[in-house]
Amino acid sequence: MKNFLLGLVAAACFPAALMAQGKINPTDPQPTCNMCPGTVIPLSELEAYTKKAMAERLTDQQVREIEIGKAHVGIGMVYRGKLDKRSADSVAEHDQVSEVYHIISGSATLVLGPDIVNRQRRPATQRTVVEFNGPGNNGSDIRNGVAHQIKAGDVVVIPAGTGHWFTKIDDHINYLMIRFDPDKVTPLRSEVQSKDYLSKPAPR
């Protein structure tokens, strides 16, 4: 009987001990995004952006911009059609926003490098600057740029300040874009805003 009672006391105290361990110690590192929810973007929504890009001849579209504490993370969908020759001043660079591409379909030649020729400031009022990737520059070439043949399944990491330039697209290229914005220069974008955008023709 004595052992049984001791067992009951131990069982009663065990959850309390677990709760005490679960308390956040103020001297420990704290979450950088306080009580922030997670975000799931369904495949159907991403595919709707690709369909919209093809139907309305769009290239870059921002799906979400999410608060993660010390930064914003942007999720975009990009669709580029066939490109046989280099376009003038089509090197892009973003001062504060880094990008990650996950190629979904298609293939292309992408040139990367930090030394941009004929650097020209993008207009501060340009929609992509205001909403997608913040201030940056265009250029006509990349000195000592490295050409990469990219295809479905590949991942590309482009740090802020690195020039990137599609010099050839075989038929098309479609990719998921993840943008890291530590200075929060671009605005948040919610699921409600995304659905509203998809429900009508895109602004030009």
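This is a short walk through the model, one selection at a time.

**Before you click**

You are looking at a predicted model, in which local features need pLDDT of at least 70 and side-chain atom pairs count only at pLDDT 80 or more, while totals for chains, interfaces and linings use all residues. Residues are numbered from 1 along each chain as its sequence is written, and side-chain values use heavy atoms, with hydrogens and water left out.

**Whole chain**

Start with a cartoon view: the protein has four helices and eleven strands. Both are DSSP runs numbered from the N terminus, helices being H or I with at least four residues and strands E with at least two. Of the 204 residues, 37% are buried (buried is under 20% relative accessible area, exposed over 50%, partly exposed in between, with a 1.4 Å probe and protein chains only). Contacts here mean heavy atoms within 4.5 Å. Among contacts with a separation of 6 or more, 81% are between residues 24 or more positions apart.

**Select β1, β2 and β11**

Strands count as paired if DSSP finds at least two bridges between them. Color β1 (residues 60-67) and β2 (72-83): they run antiparallel, joined by seven bridges. Pick glutamine 61 and you'll find its bridge partner, methionine 77, in β2. The hairpin of these two strands has four residues between them, and glycine 69 takes a positive phi near 100° there.

Now add β11 (163-181). It pairs with β2 in the antiparallel sense over eleven bridges, and histidine 72 has aspartate 181 in β11 as its bridge partner. As for cover, nine of the twelve residues of β2 are buried.

**Select β4 and β10**

Next comes β4 (98-113), which runs antiparallel to β10 with four bridges between them. Valine 100 stands opposite valine 157 in β10.

In a regular strand the side chains alternate between the two faces of the sheet. Show sticks on β10 (residues 155-158) to see this: Val156 and Ile158 point to one face and are buried, while Val155 and Val157 point to the other and are not.

Stay on β4 and zoom to glutamate 99. Is glutamate 99 buried or exposed? Glutamate 99 is buried, with a relative accessible area of 1%. Its side chain makes a polar contact of 3.5 Å with that of histidine 164. (A polar contact is a pair of N or O atoms within 3.5 Å; within protein, one must be able to donate a hydrogen and the other to accept it, and residues adjacent in sequence count only if both atoms are side-chain atoms.) Leaving out residues up to four places away in sequence, glutamate 99 also touches others, including His94, Asn133, Met177 and Arg179.

Slide along β4 to isoleucine 104. At 42% relative accessibility, isoleucine 104 is partly exposed. Beyond residues up to four places away in sequence, isoleucine 104 touches Met77, Ala152, Asn174, Tyr175 and Leu176. Try a C-alpha distance to methionine 77, 27 residues apart along the chain: 9.9 Å.

**Two loop residues**

Most residues other than glycine have a negative phi. Aspartate 89, in the loop between β2 and β3, has a positive phi near 55°, and at 33% relative accessibility aspartate 89 is partly exposed. Then jump to lysine 184, in the loop between β11 and α4 (191-198). Its phi is also positive, near 55°, and lysine 184 is partly exposed at 34%.

**The pockets**

Switch to a surface. On a 1 Å grid over the protein atoms alone, a pocket is an open set of points where a 1.4 Å probe fits, with protein on both sides within 12 Å along at least five of seven lines; lining residues have an atom within 4 Å of a point. Grid points are joined across faces, edges and corners, and a volume is the space filled by probe spheres set on the points.

The largest pocket has a volume of about 500 Å³. Select Thr59, Arg80, Ser90, Ala92 and Arg122, which lie nearest its centre among 25 lining residues. β11 gives the most to this lining, with seven residues. By class, the lining has nine nonpolar, ten polar and six charged residues (Ala, Val, Leu, Ile, Met, Phe, Trp, Tyr, Cys and Pro are nonpolar, Asp, Glu, Lys and Arg charged, and the others, Gly among them, polar).

Last stop: the second largest pocket, with a volume of about 210 Å³. Pro37, Gly38, Thr39, Ile66 and Glu67 are the closest to its centre, out of 13 lining residues. Strand β1 supplies the largest share of that lining, four residues.
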